[in-house]
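Biologist: I should be grateful for a close look at one part of this model, namely its salt bridges. Please set them in their surroundings.

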Amino acid sequence: MTTTTDLDLPLHPAQLRSAELERQLAQDPARFRVLTGDRPTGALHLGHYFGTLHNRVRLQDLGVDVFVLIADYQVLTDRDVAERLTAHVEGLLLDYLAVGIDPARTTVFNHSAVPALNQLLLPFLSLVSVAELGRNPTVKDEITHSRQSAVSGLMYTYPVHQAADILFCKGNLVPVGQDQLPHLEVTRTVARRFNERYGAVFPEPDALLSATPLLLGTDGTKMSKSRNNSVTLGASEDETARLIKGATTDADRHITYDPGTRPGVSGLVLLAALCLGRDPHAVAADIGSGGAAVLKRTVTDAVNATMAPIRARRAAYAQDMGYVRDVLRAGNERANAIAEETLDEVRQAMGMLR
């Protein structure tokens, strides 16, 4: 009798394309410009580190031109007010610097400081229909989980605003998870329709799919800032130990890696494996019948060892917030210059006079 494994399943076209893009990145990283970013809604956590931050540093170190957006306007897509915005922005900056983002090679900027970027939203909205925006599965999911008392227009235009984020700098590569592919497809549609209608101005960006599996939180569900189930990058060793000690497991003492049937246990095993650079099945086998106590101790030690240098750098940068704010100012200056050039191109292509 034969069994089906993940290796036997056909690869998604986006996965095949991502594999090809990785080969191209290794050969000629300078031809790529990456746009990625975060909404400043709370502290970044281990899921962000292994899912996106680590990859940004990798791309930066390869020689890719990386832009990291702090999407402060987009905080309002699923909430009525932007709370503690300044503190959250500064927290993101500290996390970026601590994990190895180099402002000499990576441009960090925020939405509200780049007016020309946001002006692109108006012509871009004319290129998509209300029905197309309403069908977007990611928008539907965000509406379902929205914190707003009513769905705002910004929620519906969120994918087009993301198109402006990516296309203002003519980004041609966007690291995303599988669930973000519909958003990126809106960007590709906007670029294609603009080029067809007004002339070639924008690239159609490709998706670079994350190779890191979904990292679950301490409650066995997706690690999230809003669910209070995560270990933040700035957490202390004691706080990390406390959070992991309270993580969800199950009654089976023998530790295995089986995400389908044992999500809580497997999430912890995966976290240890990512920190240790090992296969999760091997980590589970080493723990064996040691039970949840040994598992949690293994995870705690692995996380604290991995995060120690990052936490030390974060604390050091926090002592010089003037420098941290200068990083954002310099990034905003570069982003503004590029956005103005792109907006001028758009105006000329559309026949607008200034």
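Modeller: A residue is termed buried when its relative accessible area is under 20%, exposed when that area is over 50%, and partly exposed in between, as computed with a 1.4 Å probe on protein chains only. The model is a predicted one, in which local features need pLDDT of at least 70 and side-chain atom pairs count only at pLDDT 80 or more, while totals for chains, interfaces and linings use all residues. Residues are numbered from 1 along each chain as its sequence is written, and side-chain values use heavy atoms, with hydrogens and water left out.

A salt bridge requires a side-chain nitrogen of Lys or Arg within 4 Å of a carboxyl oxygen of Asp or Glu. By this criterion the structure holds 21 salt bridges. Helices and strands, which are used below to place the partners, are DSSP runs numbered from the N terminus: helices are H or I runs of at least four residues, and strands are E runs of at least two.

One of these salt bridges joins the side chains of Asp38 and Arg56, with an N to O distance of 2.9 Å. It links distant parts of the chain, since Asp38 belongs to strand S1 (residues 33-38) and Arg56 to helix H2 (residues 46-62), 18 residues apart. Both partners are enclosed: Asp38 counts as buried because its relative accessibility is 10%, and Arg56 counts as buried because its value is 3%. Helix H2 also carries Asn55, which is buried as well, at 18% relative accessibility. With contact taken as heavy atoms within 4.5 Å, and residues up to four places away in sequence not counted, Asn55 touches Pro175 and Leu208.

A second salt bridge brings together the side chains of Arg192 and Glu204, at 3.3 Å from N to O. Arg192 lies in helix H9 (residues 181-198) and Glu204 in the loop between H9 and strand S5 (206-209), so that the pair, 12 residues apart, also links distant parts of the chain. These two partners are partly exposed, with a relative accessible area of 28% for Arg192 and a relative accessibility of 32% for Glu204.

A third salt bridge is formed by the side chains of Asp252 and Arg262, whose N to O distance is 4.0 Å. Both residues sit in the loop between helix H10 (237-245) and helix H11 (263-276), 10 residues apart. Asp252 is partly exposed, with a relative accessible area of 42%, whereas Arg262 is buried at 8%. Some salt bridges share partners, and these join Arg17, Glu185, Arg188, Arg192, Glu204 and Asp206 into one network.

The surroundings of Arg262 can be described further. Not counting residues up to four places away in sequence, Arg262 touches Asp250, Asp252, His254, Ile255 and Thr256. The loop between H10 and H11 also contains Ala251, which is exposed, with a relative accessible area of 83%. Ala251 and Gly291 are 40 residues apart in sequence, yet their C-alpha atoms are 9.1 Å apart in space.

Helix H11 also takes part in lining a cavity. On a 1 Å grid over the protein atoms alone, a cavity is a set of points where a 1.4 Å probe fits but cannot get out, and its lining residues have an atom within 4 Å of a point. A search of the whole structure finds one cavity of 30 Å³ or more; the largest cavity has a volume of about 100 Å³. Thirteen residues line the largest cavity, and those closest to its centre are Leu216, Gly217, Thr218, Leu268 and Leu271. Grid points are joined across faces, edges and corners, and the volume is the space filled by probe spheres set on the points. H11 gives the most to the lining, with four residues. The lining divides into seven nonpolar, six polar and no charged residues, where Ala, Val, Leu, Ile, Met, Phe, Trp, Tyr, Cys and Pro count as nonpolar, Asp, Glu, Lys and Arg as charged, and the others, Gly among them, as polar.

Strand S1 and helix H2, the elements of the first pair, have a further neighbour. The buried residues of helix H3 pack against S1 and H2, and also against strand S2 (65-70), strand S3 (106-110), helix H13 (291-318) and helix H14 (321-350). Because 12 of its 15 residues are buried, H3 is largely enclosed by the rest of the structure. Gly100, which follows H3, has a positive phi, near 120°.

Technical notes:
1 Å grid on protein atoms, 1.4 Å probe; cavity = no way out; pocket = protein on both sides within 12 Å on 5 of 7 lines; lining within 4 Å.
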